[in-house]
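Student: I have a new model open on my screen and would like to find my way around it. Could we go through it together, one question at a time?

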Amino acid sequence: MEDKFYILSTDMLSPYKPKQREKKNLSCFKLDYMIRLFHSIRNKPFESYVIQRIWHRLDDERVFFVTQQYFLRSNSSYALVDLYLPQLNLMIEVDEGYHGKLEQQKRDTIRSQEIRKITDAEIIRITLWKEVDGERTCRPLWDVNSQIDKLVVEIKCRINEMGCAFRPWMGVDMFSPVYYKFKGYFSVYENDYVRTINEAADIFGTKVKNRGFLRPGGFDVPGKTDEMVWCPNVNSRDWSNEISPDGQTIREHYKKGDPKRADHVKQCVQQNKKRITFMKMKDALGYNYYKFVGVFVIDPEQSLKENKCVWRIVDDMYILDIGNIPMPKHPCWDKRIFY
């Protein structure tokens, strides 16, 4: 399931494998991505018109478009959103004529409420129909265009309000190893995450030995004897990993008791390694990911007292020491929006 969200949002539209993608010109990647995105909705003419007009009227290469965004519903079914802008957590739905039916409107209301509940996203609807004398009919072109143009202004306003918190689309997946190698650091406040432990290892220039249930929950940072990357799972069968509500403390222990529990505490106290920590969680769409929650060190006294590892945060940022690639220059990244 971890890879499914990635495939649906990005790789479905790209012929390049991840290693090949790193070598491609970023502008070429964007062009290829958008061509394939529009091609994928070619059989949905109303949706295609609206999304293409949004893209062209917005005229901002920094904005990442995802069509047919998959999300899980509470009844174990799924739904697809017409257009998702992940940088803004904004979803756009294109309502064709059948959405005017009373039963469909009720289903749409329930669906929208559920999307908001599980994703905290806002939904904006572009309505292509109106009711005249009790009958549904198409809205005129100028009316549809007016709705789209109003939406575009709203998107621009939100980007401006975000300021430096807005994360530009680089032409590669925004949370891929390539992105972090360009960026050069992880930050708690920028909601940085990786999708898999293998991706984390790639960023740090190493590999994880095993797969599946044999895969370790962390690895040593190459060249650093006092640092390791730790990927605790809050839903682990054998280990308890609890992070405090303020994100300042993690308590870890082996669930099945001594002597392994006590031995683990003593070993961690003795090693005294900093832990660059990525907590395994579920995202708003129901997929697993590993969120960067900070750099932690062990509290020896409290750990021995509680017979569990008590980890305290010492930094909310970690600077990568991997000879990261200089951030590529692209005119659109310095773009300011005026309207």
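Student: Happy to start with charges. Which residue's side chain meets that of Arg57 in a salt bridge?

Tutor: Keep in mind throughout that this is a predicted model. Opposite charges on side chains can pair when the charged atoms come close. For Arg57, the N to O distance to its partner is 3.2 Å, inside the 4 Å cut-off for a salt bridge. The partner is Asp149.

Student: How many residues apart in sequence are the parts that this pair ties together?

Tutor: Arg57 sits in helix α4, residues 45–58, while Asp149 belongs to helix α6, residues 141–162. Both ends are partly exposed, Arg57 with a relative accessible area of 45% and Asp149 with one of 21%. Because the two residues lie in these two helices, the parts tied together are 92 residues apart.

Student: Which residue is linked with Arg57 and Asp149 in a network of salt bridges?

Tutor: We have already met the bridge between Arg57 and Asp149. The network of salt bridges that holds these two also takes in another arginine, Arg53.

Student: Let's move along the chain. Is Lys181 buried or partly exposed?

Tutor: Lys181 forms a salt bridge with Asp202, with the closest N and O atoms 3.2 Å apart. The pair links helix α7 (residues 177–183), home of Lys181, to helix α8 (residues 197–203), home of Asp202. Asp202 is partly exposed at 31%. Lys181 has a relative accessibility of 18%, and the cut-off for burial is under 20%, so Lys181 counts as buried.

Student: And which strand does Glu306 reach through its salt bridge with Arg251?

Tutor: The closest N and O atoms of Glu306 and Arg251 are 3.0 Å apart. Both residues count as partly exposed, Glu306 at 23% and Arg251 at 27%. Glu306 lies in helix α10 (residues 300–306), so the bridge ties that helix to a part 55 residues away in sequence, strand β12.

Student: How many salt bridges does the count come to?

Tutor: We have looked at several, among them Glu306 with Arg251 and Asp202 with Lys181. Counting with the 4 Å cut-off between nitrogen and oxygen, the total comes to 19.

Student: Now the inside. Which element gives the most residues to the largest nonpolar core?

Tutor: That core has 38 residues, and those with the most contacts inside it are Ile54, Phe65, Leu85 and Ile155. Elements giving two or more residues to this core include α3, α4, β2, β3 and β4. The one that gives the most, with 6 residues, is α6.

Student: Which α6 residues are in contact with Ile54, leaving aside neighbours within four places in sequence?

Tutor: Ile54 is in contact with Phe65, Leu83 and Ile92, among others. In α6, the buried residues include Ile148, Leu151, Val152 and Ile155. An α-helix has 3.6 residues a turn, so residues three or four places apart point the same way. The contacts of Ile54 that appear in that buried set are Ile148, Leu151, Val152 and Ile155.

Student: What does α6 span from its first C-alpha to its last?

Tutor: This helix has 22 residues. At 1.5 Å a residue, the expected span is 32 Å, and the model comes close to it. After the helix comes Gly163, whose phi is positive, near 60°. The span itself is 32 Å.

Student: Which residue lies 23 residues from Val295 in sequence and 7.0 Å away in space, C-alpha to C-alpha?

Tutor: Val295 is found in strand β14 (residues 288–298), and Val295 is buried at 5%. Val295 also belongs to another core, of 27 residues, along with Phe175, Tyr193 and Val229 among others. Its contacts beyond four places in sequence include Ile276, Ile313, Val314 and Met317. The residue at 7.0 Å is one of its contacts too: Tyr318.

Student: One last stop: which residue's backbone nitrogen lies 3.1 Å from a polar atom of the Ser236 side chain?

Tutor: Ser236 is placed in the loop between β10 and β11. Although in a loop, Ser236 is buried, with a relative accessible area of 15%. Not counting residues up to four places away, Ser236 touches Asn241 and Lys255. The backbone nitrogen at 3.1 Å belongs to Trp239.

Note on methods
Residues numbered from 1 in each chain as written. Predicted model: local features only at pLDDT ≥ 70, side-chain atom pairs only at ≥ 80, totals over all residues. Heavy atoms only, no water. Helix = DSSP H or I, 4+ residues; strand = E, 2+ residues; numbered from the N terminus. Buried < 20%, exposed > 50% of the residue type's maximum accessible area, 1.4 Å probe, protein only. Core = buried A, V, L, I, M, F, W, Y, C linked by side-chain atoms within 4.5 Å. Contact = heavy atoms within 4.5 Å. Polar contact = N/O pair within 3.5 Å; in protein donor to acceptor, adjacent residues only side chain to side chain. Expected span 1.5 Å × (residues − 1).
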